[in-house]
Amino acid sequence: MFRRTTTAAMFRSTAIRRSGGDLPHIVTAEEAPAADTVSGMFGKLNGPFAILRFIDIKWVMNRLVSLGREGYIASPVLYGMVWFVFYKLQDIVLWSDAKPPRSVDWNRSVAGSLPADFQKTSL
């Protein structure tokens, strides 16, 4: 009457992944493309200018893409975005100019932006 489609443990064995989400292929030194073919913000930095490759951030990013390591680019950007949203953005929202309140008049309980007719309380 009912066809048994599962195992006794009620779990099916994991099928082979066909989505392309396998582990990344680690490029060996023989498979890696030549660094001379990568261009950056200042063009292809070859010969005596090769030392400038580490200053040229665009060259570094293009080299990482050619090696299949885009995650090295995405990771600092993601951490920067998380830091901004969870830390810096809250400072901006709370203080508007990212500075704590100034000239607090404790006698009037006024803090932050002071009104135009503000008079200091003399003690």
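Q: Which residues of H1 are buried in this predicted model?
A: In this predicted model, the buried residues of H1 are Trp-59, Arg-63 and Leu-64. Being called buried requires a relative accessible area under 20%.

Q: Why are the buried residues of H1 said to line one face of the helix?
A: Seen down the axis of H1, the buried residues fall within an arc of 135°, so they line one face. In general, an α-helix has 3.6 residues a turn, so residues three or four places apart point the same way.

Q: What covers the buried residues of H1?
A: The cover includes helix H2, residues 71–95.

Q: Why is Arg-53 called buried?
A: The relative accessibility of Arg-53 is 11%. The cut-off for buried is under 20%, so Arg-53 counts as buried.

Q: Where does Arg-53 lie, and which residues is Arg-53 in contact with beyond four places in sequence?
A: Arg-53 lies in the segment before helix H1, which runs over 57–66. Leaving aside neighbours within four places in sequence, its contacts are Ala-35, Asp-36, Leu-45, Asn-46, Trp-59 and Val-60. Among these, Trp-59 is itself one of the buried residues of H1.

Q: What makes Arg-53 and Asp-36 a salt bridge?
A: The closest N and O atoms of Arg-53 and Asp-36 are 3.2 Å apart. The rule asks for a side-chain nitrogen of Lys or Arg within 4 Å of a carboxyl oxygen of Asp or Glu, so the pair qualifies. The two residues are 17 apart in the chain, and both Arg-53 and Asp-36 are in the segment before H1.

Q: How many salt bridges are counted by this rule?
A: The count comes to one salt bridge.

Q: Why is Asp-36 called partly exposed?
A: Asp-36 has a relative accessible area of 46%. Partly exposed covers the range between under 20% and over 50%, so Asp-36 is partly exposed, whereas its partner Arg-53 is buried at 11%.

Q: Why does Pro-33 count as partly exposed?
A: Pro-33 has 31% relative accessibility. That value is neither under 20% nor over 50%, so Pro-33 counts as partly exposed.

Q: What does Pro-33 touch beyond four places in sequence?
A: Pro-33, in the segment before H1, touches Arg-63, Ser-66 and Leu-67. Pro-33 and Arg-63 are 30 residues apart in sequence, and their C-alpha atoms are 9.0 Å apart.

Q: Why is His-25 called exposed?
A: At 55% relative accessibility, His-25 is over the 50% cut-off, so His-25 counts as exposed. His-25 is also in the segment before H1. From His-25 to Leu-67 the separation is 42 residues in sequence and 9.9 Å in space, C-alpha to C-alpha.

Q: How do you know that the span of H2 is close to the expected one?
A: H2 has 25 residues and reaches 35 Å from first C-alpha to last, against 36 Å expected at 1.5 Å a residue.

Q: Where does H2 bend?
A: H2 bends by about 40° at Phe-84. That figure is the angle between axes fitted to the seven residues ending at Phe-84 and the seven starting there.

Q: What phi does Gly-68 take?
A: Gly-68, just after H1, takes a positive phi of about 80°.

Q: How many helices and strands does the protein chain have, and what percentage of its residues count as buried?
A: The protein chain has two helices and zero strands. Of its 123 residues, 7% count as buried. The accessible surface comes to about 11000 Å², and carbon and sulfur atoms contribute 64% of that area.

How values were computed: Residues numbered from 1 in each chain as written. Predicted model: local features only at pLDDT ≥ 70, side-chain atom pairs only at ≥ 80, totals over all residues. Heavy atoms only, no water. Buried < 20%, exposed > 50% of the residue type's maximum accessible area, 1.4 Å probe, protein only. Contact = heavy atoms within 4.5 Å. Areas by Shrake-Rupley, 256 points an atom, 1.4 Å probe, with all protein chains shown as cover. Arc of directions from axis to C-beta. Expected span 1.5 Å × (residues − 1).
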